[in-house]
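Me: Please take a close look at one part of this model, its largest pocket, and then place it beside the other parts that can be described. I am new to this structure, so plain wording is best.

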Amino acid sequence: EIGVGEFDRTFSVQGPIQLVCGLLDAEARRILLRMNAKCYLEIAGGEIRTEMFDVEVPFLLPLLLELGRRFAQKSDIVQCLVENAQRDPTAGVRRNLLLLLAREHARDPRTGAVLRAARSDPSPRVRLGAAQVLGDEGRGILRALAEDLEDDDCSAQALGLVGRELPSERMTAILDRALDGRRLRTARACVEILGLSGDAAAADLLAKVMAQEEDELAHAAAVSLGKLASPAAEPALILALRRDLPNLRVAAAWALGLVGSATAVLPLQEVSERFPRDRDLRQAARVSGIPATANPVAIG
């Protein structure tokens with residue numbers, strides 16, 4: 001696939017990936033789509049074949065000639081890839097080309113130059129792709145992507161790569177902005193990183209997220225509280241056992257096994273008895289200190 005939805009849905013493309021990506025630049029794709037709307041089209045064995053009505057010849061013949069001319073002139077495929085990576089109007093294509101160049105032509109100086117230029121690409125996805133393969137040269141771009149929240153998925157991926165390098169106060173600021181803007185993937189990445197930070201001060205923030213959010217984000221906050229291993233998280237985790245969110249209850253029970261005291265035993269027993277058919281909850285409660293005999297209900 002080239003990375004353009006309409007083109008990829010219309011054409012089946014096979015062949016050496018570098019040759020295909022080098023030849024099928026934006027103008028070639030435009031010509032092929034125009035021709036395909038009017039006639040049958042196939043390119044194989046160095047030939048362009050079409051079937052059309054006579055009335056279409058004046059319209060389609062110039063396109064055929066232009067396509068053949070463009071393909072015949074492209075002998076330096078690496079240079080074609082470089083130019084396409086810089087000029088293609090579709091961000092997904094530019095990103096795919098950058099990764100292809102980095103994989104197949106890492107030692108070519110043209111690859112390094114186009115990757116460095118891509119650090120200022122207007123698309124955050126392209127900047128992310130370039131930063132990922134630039135190593136130390138891309139760390140600044142990753143940190144910027146993690147904080148700008150322009151693209152939720154990109155920010156979350158960037159945080160996964162550099163989040164452990166950021167101080168807790170910056171992670172807290174990113175999380176606050178992500179929650180305000182409902183950038184939920186970024187928020188989840190922040191929650192997971194805070195759980196690994198070892199910063200006891202993060203317990204209050206994670207407890208707040210767990211109490212106010214739903215489903216995946218609340219679940220992630222409970223898991224992070226368990227990993228953070230702060231005794232201060234126990235009251236919030238006990239409250240989470242009472243919420244009508246099955247996954248959260250299981251995560252809270254598991255976390256209490258890591259941070260809870262004797263105070264948590266009775267709430268864990270009560271919730272286990274309240275939901276006797278929730279096997280995951282019963283197992284988490286047992287791991288947290290509830291004996292197997294505490295719940296007599298047999299599950300078939």
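Reply: On a 1 Å grid over the protein atoms alone, a pocket is an open set of points with protein on both sides within 12 Å along at least five of seven lines, and its lining residues have an atom within 4 Å of a point. A volume is the space filled by probe spheres set on the points. The model is predicted.

The largest pocket holds about 580 Å³ of space. Its lining is made up of 22 residues, and Val-13, Gln-14, Ile-43, Ala-44 and Phe-71 are the ones closest to its centre. By type, the lining splits into 14 nonpolar residues, six polar ones and two charged ones.

Which elements build this lining? At least two residues each come from helix H2 (17-23), strand S1 (40-44), strand S2 (47-51) and helix H4 (57-73). Strand S1 supplies the largest share, with four residues.

The two strands in that list are partners. S1 and S2 pair in the antiparallel sense, over five bridges. Together they form a hairpin in which two residues lie between the strands. Gly-45 sits in the turn and has a positive phi of about 60°. Ile-43 stands opposite Ile-48 in S2, and Ile-43 is also among the residues closest to the centre of the largest pocket.

Helix H4 also contains Leu-60. With a relative accessible area of 0%, Leu-60 counts as buried, because that label applies to anything under 20%. Apart from its neighbours within four places in sequence, Leu-60 has contacts with Met-35, Lys-38, Cys-39 and Met-52. Asp-108 is 48 residues from Leu-60 along the chain, and the C-alpha atoms of the two are separated by 39 Å.

H4 leads on to another pocket. The second largest pocket has about 220 Å³ of space and a lining of 14 residues. Nearest its centre lie Asp-25, Lys-74, Glu-83, Asn-84 and Arg-87. Helix H3 (26-36), H4 and helix H5 (77-87) each give at least two residues to this lining, and H5 gives the most, with five. Here the residues divide into two nonpolar, four polar and eight charged, whereas the lining of the largest pocket has 14 nonpolar, six polar and two charged residues.

Cavities are a separate matter. In a cavity, a 1.4 Å probe fits but cannot get out. Searching the whole structure gives two cavities of 30 Å³ or more. The second largest cavity has about 40 Å³ of space. Lining this cavity are Ile-2, Cys-21, Leu-24, Val-93, Asn-96 and Leu-97. Helix H6 (residues 91-104) is the main contributor, with three residues. Five of the lining residues are nonpolar, one is polar and none is charged.

Further along the chain, two helices can be described by their buried residues. In helix H9 (residues 139-148), these are Ile-141, Leu-142, Leu-145 and Ala-146. Why do they lie on the same side of H9? Because they cover an arc of only 140° around the axis. The buried residues of H9 pack against helix H8 (124-134), helix H10 (152-162) and H11. Just after H9 comes Leu-149, with a positive phi of about 60°.

Helix H17 (residues 265-274) has Pro-267, Leu-268, Val-271 and Ser-272 as buried residues. These cover an arc of only 135° around the axis, so they are on the same side of H17. Leu-266 and Arg-274 are exposed, and they are carried on the face of H17 turned away from its buried side.

Two further residues are listed for their backbone angles. Arg-182 lies in the loop between helix H11 (168-180) and helix H12 (184-195). Its phi is near 55°, which is a positive value in a residue other than glycine. Arg-182 is partly exposed, with a relative accessible area of 45%. Asp-215 belongs to helix H14 (residues 215-228), and phi of Asp-215 is near 50°, again a positive value in a residue other than glycine.

Methods: Residues numbered from 1 in each chain as written. Predicted model: local features only at pLDDT ≥ 70, side-chain atom pairs only at ≥ 80, totals over all residues. Heavy atoms only, no water. Buried < 20%, exposed > 50% of the residue type's maximum accessible area, 1.4 Å probe, protein only. Arc of directions from axis to C-beta. Nonpolar A, V, L, I, M, F, W, Y, C, P; charged D, E, K, R; others polar. Pairing = 2+ DSSP bridges. Contact = heavy atoms within 4.5 Å.
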